[in-house]
Amino acid sequence: MKNEQFSFETKLLHNRHKFDPTNGAVSVPIQHASTFHQFEIDQFGKYDYSRSLNPTREALEDVIAELEGGVKGFAFSSGMAAISTAFLLLSSGDHVVITEDVYGGTFRMVTEVLSRFGIEHTFVDMTNLEEVKQAIQPNTKAFYVETPSNPLLKVTDIQAISKIAKEIGALTFVDNTFLTPLLQKPLELGADIVLHSATKFLSGHSDVVAGLAVVKDEALAKRLGFLQNSFGAVLGVQDCWLVLRGLKTLHVRLEQSQKSAEKLAEFFENHPLVPAVYFPGLKNHPQHKVQTLQADGPGAVLSFELENEEALRIFVKHVKIPVFAVSLGAVESILSYPAKMSHAAMPQTEREKRGIQNSLLRLSVGLENPDDLINDFSQALEHVRQKQLVLPGENV
Ligand SMILES: *Cc1c(COP(=O)(O)O)cnc(C)c1O
């Protein structure tokens, strides 16, 4: 069924897999079979072995392809498996231009794994297109974008990067984990591959680790499909089902979280003990304009600075509502400490170069009442203030 006439929210529910054509079941069946009986000796059926193709995984791959507006989707055992498999499109001797404040796991893959296979890289501040152009080498084959970036929420102009890439015949990869296709569609902006940690907003309940990729053209789809089958890091069927279920409520979850994130960004911005807030929805965000042009919203993740690491420790100790954890994009708010969590794989000197201080916290806003969150953060900041009133040397 072609659904071009439906809006995104409707497509989340009424897609090709809204019911099972054989019995009408309104939830995609979980097909555990690893192998499939072949009825003909010379001609195999559509399915033969589940690493290559499995009906449950195929349903998820179809749905994400339709939502991102691509020709084919691929489901992997984690976001890193999706990202790493996509990097296997490159060969020894190739060069990647990559955004400098990239997810810590991607940083590790590029610097410590791909480098051993002769794939070179240059980190750049992708908000600076001149710097991007200067990083191009004769062997540049890909541009790797993450926008908004993690954890400083810098925004990269996807259209501009894709244009630069096309001029030299290179591919553009975009990690769309933070916004999802509800808010941003990189393929429409010229990217070749969209990557996801489906662990985050797409699934949304902190109960599954999964990755997705979507490609725009058939030739690239064939190459990535070949790599998915060769490398074999496919998503298990139970997990495919969990992602499919999470997707159905993506827009209500993300839109509600985004509304609360906007409220919280404003709260932090006006608080005297918070020297900096990073959120693309703020009018004073340096790339606010690009963000509003290329996406339908700022998302539900923001970062903020406290005065120093001690203030951060007091704050975290007294916050009650969010879980203090790695990850983002869940129904519950998640407060994380990039220096020790998502970016622990990055050496301190590299973190500091990128402005990821030991006083920085990242908040993924969940579905709690935003006023409860504001009250909670207020009381935690009050503890920070009281501690600072105590003069140095005074015993408490
Ligand atoms: C979490 C995350 C990843 C890695 O995904 P996993 O599912 O944890 O492997 C990649 N990119 C971004 C932006 C992420 O937040």
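Author: A helix here is a DSSP run of H or I with at least four residues, numbered from the N terminus. Keep in mind that this is a predicted model.

Reader: Thanks! What makes residues 79-87 a helix, and what does the shell around the ligand get from them?

Author: Residues 79-87 are helix H3, and such a name goes to a DSSP run of at least four residues. Helix H3 gives the shell around the ligand three residues, the largest share.

Reader: Which residues come nearest to the ligand?

Author: Met80, Asp175, Ser197, Thr199 and Lys200 do, out of 14 residues around the ligand.

Reader: How do you know that Thr199 makes a polar contact with the ligand?

Author: A polar contact needs a pair of N or O atoms within 3.5 Å. An N or O atom in the Thr199 side chain is 2.7 Å from an oxygen atom of the ligand, so the pair qualifies. Lys200 also has a polar side-chain atom 2.7 Å from a ligand oxygen, while for Gly79 a polar backbone atom is 2.9 Å from one. The protein buries 92% of the 380 Å² that the ligand exposes when taken alone.

Reader: Let's turn to the protein itself. What makes up the largest nonpolar core?

Author: That core has 67 residues, and Phe268, Leu302, Phe304 and Phe315 have the most contacts inside it. Helix H10 (residues 250-269) gives the most to this core, seven residues.

Reader: Why is this core said to lie between domain 1 and domain 2?

Author: Because domain 1 (8-247) and domain 2 (251-389) both give residues to the core, it lies between them. Apart from this core lies another, of 35 residues, including Tyr144 and Leu220.

Terms used:
Residues are numbered from 1 along each chain as its sequence is written. This is a predicted model: local features need pLDDT of at least 70, side-chain atom pairs count only at pLDDT 80 or more; totals for chains, interfaces and linings use all residues. Side-chain values use heavy atoms; hydrogens and water are left out. A nonpolar core is a set of buried Ala, Val, Leu, Ile, Met, Phe, Trp, Tyr and Cys residues joined through side-chain atoms within 4.5 Å. Buried means under 20% relative accessible area, exposed over 50%, partly exposed in between (1.4 Å probe, protein chains only). Helices (H or I, at least four residues) and strands (E, at least two) are DSSP runs, numbered from the N terminus. Domain bounds come from an automatic or database domain assignment. A residue is near a molecule or strand if one of its heavy atoms lies within 4 Å of it. A polar contact is a pair of N or O atoms within 3.5 Å; within protein, one must be able to donate a hydrogen and the other to accept it, and residues adjacent in sequence count only if both atoms are side-chain atoms. Accessible areas come from the Shrake-Rupley method with a 1.4 Å probe; for residues, only the protein chains shown count as cover.
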